[in-house]
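The exercises below ask the reader to work from a structure to short written answers. Each task is followed by a solution in steps.

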Amino acid sequence: MNESLVSLDDVSYGYDPNRPVLNRCNFRLDRGERVGLVGANGSGKTTLLKLIVGLLRPADGRIEIFGQTRQCERDFHEVRRRVGFLFQDSDDQLFCPTVAEDVAFGPLNLGKTRDEAWHIVAATLDALGLNGFEQRITYKLSGGEKRMVALASVLSMHPEVLLLDEPTAGLDDAAADRVLEVLSELPQAMILATHDPRLLDRLATRRLQLNEGRFLAETTRI
Ligand SMILES: Nc1ncnc2c1ncn2[C@@H]1O[C@H](COP(=O)(O)OP(=O)(O)OP(=O)(O)O)[C@@H](O)[C@H]1O
Ligand SMILES: [Mg+2]
């Protein structure tokens with residue numbers, strides 16, 4: 001099948017109806033793409049990602065994911081199983097007492113056995129350089145550590161599409177490099193909302209800039 005993974009047609013949204021954040025915005029994500037989503041603070045990057053997973057509903061326009069129009073809560077249940085979303089704020093993502101439980105939560109929820117889930121946890125933590133973090137208390141981690149664990153909890157679900165909201169924000173260079181390396185080896189399509197020039201230069205296959213509720217004409221295709 002040749003359809004887009006994600007397709008937004010003339011989507012509008014505003015938290016305050018008098019101040020639109022997205023204004024008849026159009027967007028496509030195809031297989032194998034890594035789209036760098038850029039734009040000033042407050043331009044609507046996070047809002048766009050939340051619309052794709054149904055955490056917000058458009059005032060107008062059409063959202064199609066995996067070839068199906070998505071409108072009601074039920075439509076988005078399947079989307080959230082298949083699309084991994086890294087929140088901009090890691091505290092929104094992590095809710096278990098320990099790192100291992102947080103990273104195992106997704107796989108267990110998807111029906112993996114405990115053995116399978118622990119195997120995935122170990123492999124995911126290892127890939128991100130988080131060996132030995134299994135029993136660490138999540139809420140006591142540093143901001144950068146939380147970010148890495150949040151990413152592990154998304155990757156452990158092996159989602160078909162990744163929506164990553166500022167995946168390297170607050171990370172030191174070594175951690176950011178590991179994230180870049182891990183992401184560059186993944187076959188999944190992804191949207192990277194980011195201000196990090198390294199991610200944009202080394203990972204994104206194209207770059208889209210949000211401005212006043214829409215995308216500026218695409219200028220960069222790497
Ligand atoms: N929960 C909310 N209630 C009201 N307004 C909101 C809410 N969340 C975001 N906004 C507003 O919507 C606009 C877009 O916010 P959004 O978080 O999507 O921007 P962003 O491009 O992700 O910015 P950043 O680069 O700072 O992460 C901003 O003006 C913001 O103040
Ligand atoms: Mg944001």
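The model is predicted.

**Exercise 1. The shell of ligand 1**

Task: State how many residues surround ligand 1, which are the closest, and how the shell divides by class.

Solution.
Step 1. The count of residues around ligand 1 is 13.
Step 2. Gly-42, Lys-45, Thr-46, Thr-47 and Gln-88 are the closest of them.
Step 3. Sorted by class, the shell holds 8 polar, 3 nonpolar and 2 charged residues.

**Exercise 2. Polar atoms next to ligand 1**

Task: For Gly-42, Lys-45 and Thr-47, give the distance to an oxygen atom of ligand 1, and then find what share of the ligand's area the protein covers.

Solution.
Step 1. Gly-42 takes part through its backbone: an N or O atom there is 2.8 Å from a ligand oxygen.
Step 2. Lys-45 takes part through its side chain, with an N or O atom 2.7 Å from an oxygen of ligand 1.
Step 3. In Thr-47, a polar side-chain atom is 2.5 Å from a ligand oxygen.
Step 4. The cut-off for a polar contact between N or O atoms is 3.5 Å. The distances for Gly-42 and Lys-45 can be checked against that value.
Step 5. On its own, ligand 1 has 640 Å² of accessible area, and the protein covers 63% of this.

**Exercise 3. The nonpolar cores**

Task: Describe the largest nonpolar core by its residue count and its residues with the most contacts, then by the elements that contribute to it.

Solution.
Step 1. This core has 33 residues, and Leu-128, Leu-130 and Leu-164 have the most contacts inside it.
Step 2. Two or more residues come from each of the helices H3 (99–109), H4 (114–127), H5 (143–155) and H6 (173–184), and also from each of the strands E7 (161–165) and E8 (189–193).
Step 3. H5 gives the largest share, 7 residues.
Step 4. For Leu-130, neighbours within four places in sequence are set aside; its contacts are then Leu-125, Met-148, Val-149 and Ala-152.
Step 5. Another core, of 32 residues, lies apart from this one and includes Ile-63, Phe-85, Leu-208 and Phe-215.

**Exercise 4. Two residues of helix H4**

Task: Are Ile-120 and Thr-124 buried or exposed, and which residues does each touch?

Solution.
Step 1. Both residues are placed in helix H4: Ile-120 and Thr-124.
Step 2. The limit for a buried residue is under 20% relative accessible area. Ile-120 is at 11% and therefore counts as buried. Thr-124, at 8%, is buried too.
Step 3. Not counting residues up to four places away in sequence, Ile-120 touches Pro-107, Lys-112, Ser-156 and His-158.
Step 4. Under the same exclusion, Thr-124 touches Ala-152, Leu-155 and Ser-156.
Step 5. As a check on distance, Ile-120 and Leu-141 are 21 residues apart along the chain, and their C-alpha atoms are separated by 21 Å.

**Exercise 5. Residues in two strands**

Task: Locate Ser-12 and Phe-27, and list what they touch beyond four places in sequence.

Solution.
Step 1. Ser-12 is part of strand E1 (residues 6–13), while Phe-27 is part of strand E2 (residues 22–29).
Step 2. Ser-12 is buried because its relative accessibility is 14%. Phe-27 is buried because its value is 2%.
Step 3. The residues touched by Ser-12 are Leu-22, Asn-23, Arg-24, Pro-58, Ala-59 and Asp-60.
Step 4. Phe-27 touches Val-6, Ser-7, Leu-8, Val-35, Ile-52, Ile-191, Leu-208 and Phe-215.
Step 5. From Phe-27 to Ile-63 the C-alpha distance is 9.6 Å, with their positions 36 residues apart in sequence.

**Exercise 6. Glutamates in loops**

Task: Place Glu-166, Glu-185 and Glu-212, and decide for each whether it is buried or exposed.

Solution.
Step 1. Glu-166 is in the loop between E7 and H6. At 7% relative accessible area, Glu-166 is buried. Its phi is positive, about 55°, although the residue is not a glycine.
Step 2. Glu-185 is in the loop between H6 and E8, and is exposed at 62%. Its C-alpha is 28 Å from that of Gly-44, which is 141 residues away in sequence.
Step 3. Glu-212 is in the loop between strand E9 (206–211) and strand E10 (214–215). Its relative accessibility of 72% makes Glu-212 exposed. Phi of Glu-212 is positive as well, near 50°.

Methods
Residues numbered from 1 in each chain as written. Chains lettered and ligands numbered in written order. Predicted model: local features only at pLDDT ≥ 70, side-chain atom pairs only at ≥ 80, totals over all residues. Heavy atoms only, no water. Near = heavy atom within 4 Å. Polar contact = N/O pair within 3.5 Å; in protein donor to acceptor, adjacent residues only side chain to side chain. Areas by Shrake-Rupley, 256 points an atom, 1.4 Å probe, with all protein chains shown as cover. Nonpolar A, V, L, I, M, F, W, Y, C, P; charged D, E, K, R; others polar. Core = buried A, V, L, I, M, F, W, Y, C linked by side-chain atoms within 4.5 Å. Buried < 20%, exposed > 50% of the residue type's maximum accessible area, 1.4 Å probe, protein only. Helix = DSSP H or I, 4+ residues; strand = E, 2+ residues; numbered from the N terminus. Contact = heavy atoms within 4.5 Å.
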